[in-house]
Amino acid sequence: MKNFLRFLKYFLGILILLIALLYIFDYDYILKGIKVTYLKGHKTAYIDDYPEFDNRVVKADSLNPQPWPESKNYNSVKATDSLKNLNKELHTAAFLIIKNDSIWFEDYYDQYSAKSKTNSFSMAKSVVVALLGKAIRDGYITSIDEPVSHFYPQYDIRLTVGDLASMSSGLNWNESYYNPFGQTAKAYFDDNIRKVILDLKVVDTPGKNFKYLSGSTELLAMVLEEATNKTLSDYLSESFWQPLGMQSDALWQLDSEESGMEKAYCCIASNARDFAKFGKLFKQNGQWNGQRLINPSFVRTMKNPRFEDTPYYGYGLWLSDYKDKEIFYMRGILGQYVIVIPEDDVIIVRLGQGLLKRNGEDKHSPDFYRYIDEAYKMLNIQK
């Protein structure tokens, strides 16, 4: 018994010391990370984690919702066995096929439904770039060539908002998702994301090369906040959530109630039907019900690669020529997709908790291709 008490005292002493060191060296956010993930049975962030954080409401217009119409063939074709197995394997929450601007197929899995909110993860990056387009149209920002230093003078004059949107900022951000001491983990769990971002430096020439950095999107969001003098959530509500007739309020995770900055590189909690409307908005080059929400030229810029050697990314959107078709899509780290194939007027939405590991240098996950393949089998669309 004495040995056990001695061990317990020693263990508690070490634990207290470790916790103290985390606070001293500004790593105390790790404690929150452990609480939110490991103590909830997860190894990393997950699609239902938004209640563990402070959130700001992105308000929908409850008086003027615009629900998706359902096709006359709605759910008349069942999912292929391959799609069923894939959705089971990867813990899919929602899968939609929209054809000719009507929902053609829709299914939900486990406890999820059409009203379930789940984390967008990096699909939010596409939304932030769309907000940049709206801010340019509204006159808050002159163009994609406007220097970031106009809003944050400490930054290199060469760094533009377009560089942030196209992932060519040259910032010294380390995009490591599983390093608890890394910037991405700190940004996710810390209570002051502005401080994390404003500690960044431009270490490479901006606008020269593609390098995917969540910090670029977060800095872009901070620029939007400064330019519009509005919270990101409020600007999203008035710019898109209400004009697009979203059926439900969304929630955007904050770093903390006190700081009040949205985690803009990720973390909009919403449902599949509402996320899908961004696919339609981009497909229509920023037009919605006869109203121009974003300049068509800006949306076309989003859908085209900035750099020849990285044809798989534009401004906030991933790009593919699979099946010899021009495809663009929103993407989140756990297999969140809004895939748009304008040639066939098809939008595929998948939300869930997992994805397949990428093969070699391919920038698109194998499940991305398989979702398209199975949807096309169901639609009976040939290559």
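This briefing covers a sheet, a helix lying across it, a pair of helices and two loop residues. The model is predicted. Its open sheet has six strands with antiparallel pairing, and helix α4 (residues 123-138) lies across β10 (327-332), β11 and β12. Elsewhere in this account, helices α9 and α10 are oblique to each other, and Met 167 and Asp 345 are residues other than glycine with a positive phi, of about 60° for Met 167 and near 55° for Asp 345.

**The sheet and the helix across it**

- The six strands of the open sheet follow the order β3-β2-β12-β11-β10-β9, and their pairing is antiparallel.
- At the edges stand β3 (102-108) and β9 (318-320), each of which has a single partner strand, so that one side of each is left without a neighbour in the sheet.
- From one strand to the next, the twist averages 15°.
- Within this order, β11 and β12 run antiparallel and are joined by five bridges, and Tyr 337 stands opposite Arg 350 in β12.
- Helix α4 lies across β10, β11 and β12, and runs at about 115° to β10.

**The contact between α9 and α10**

- Two packed helices are described by the angle between their axes and the distance between the axes.
- For helix α9 (residues 232-241) and helix α10 (residues 272-283), the axes come within 13 Å and cross at roughly 60°; the two helices are therefore oblique to each other.
- On the α9 side the contact is made by Leu 236, Phe 240 and Trp 241, while α10 contributes Asp 274, Phe 278 and Leu 281.
- By residue class, the contact of α9 with α10 divides into five nonpolar residues, no polar residues and one charged residue.

**Positive phi in two loops**

- Most residues other than glycine have a negative phi.
- Met 167, which is not a glycine, nevertheless has a positive phi of about 60°, and lies in the loop between α5 (161-165) and α6 (183-189).
- Because its relative accessibility is 1%, Met 167 counts as buried, the cut-off for that class being under 20%.
- Asp 345, likewise a residue other than glycine, has a positive phi near 55° and is found in the loop between β11 (336-341) and β12 (346-352), two strands that run antiparallel.
- With a relative accessibility of 21%, Asp 345 counts as partly exposed, since buried means under 20% and exposed over 50%.

Terms used:
Residues numbered from 1 in each chain as written. Predicted model: local features only at pLDDT ≥ 70, side-chain atom pairs only at ≥ 80, totals over all residues. Heavy atoms only, no water. Helix = DSSP H or I, 4+ residues; strand = E, 2+ residues; numbered from the N terminus. Buried < 20%, exposed > 50% of the residue type's maximum accessible area, 1.4 Å probe, protein only. Axes fitted to C-alpha atoms, helices over the stretch in contact; angles between N-to-C directions. Parallel < 35°, antiparallel > 145°, perpendicular 65-115°, else oblique. Contact = heavy atoms within 4.5 Å. Nonpolar A, V, L, I, M, F, W, Y, C, P; charged D, E, K, R; others polar. Pairing = 2+ DSSP bridges.
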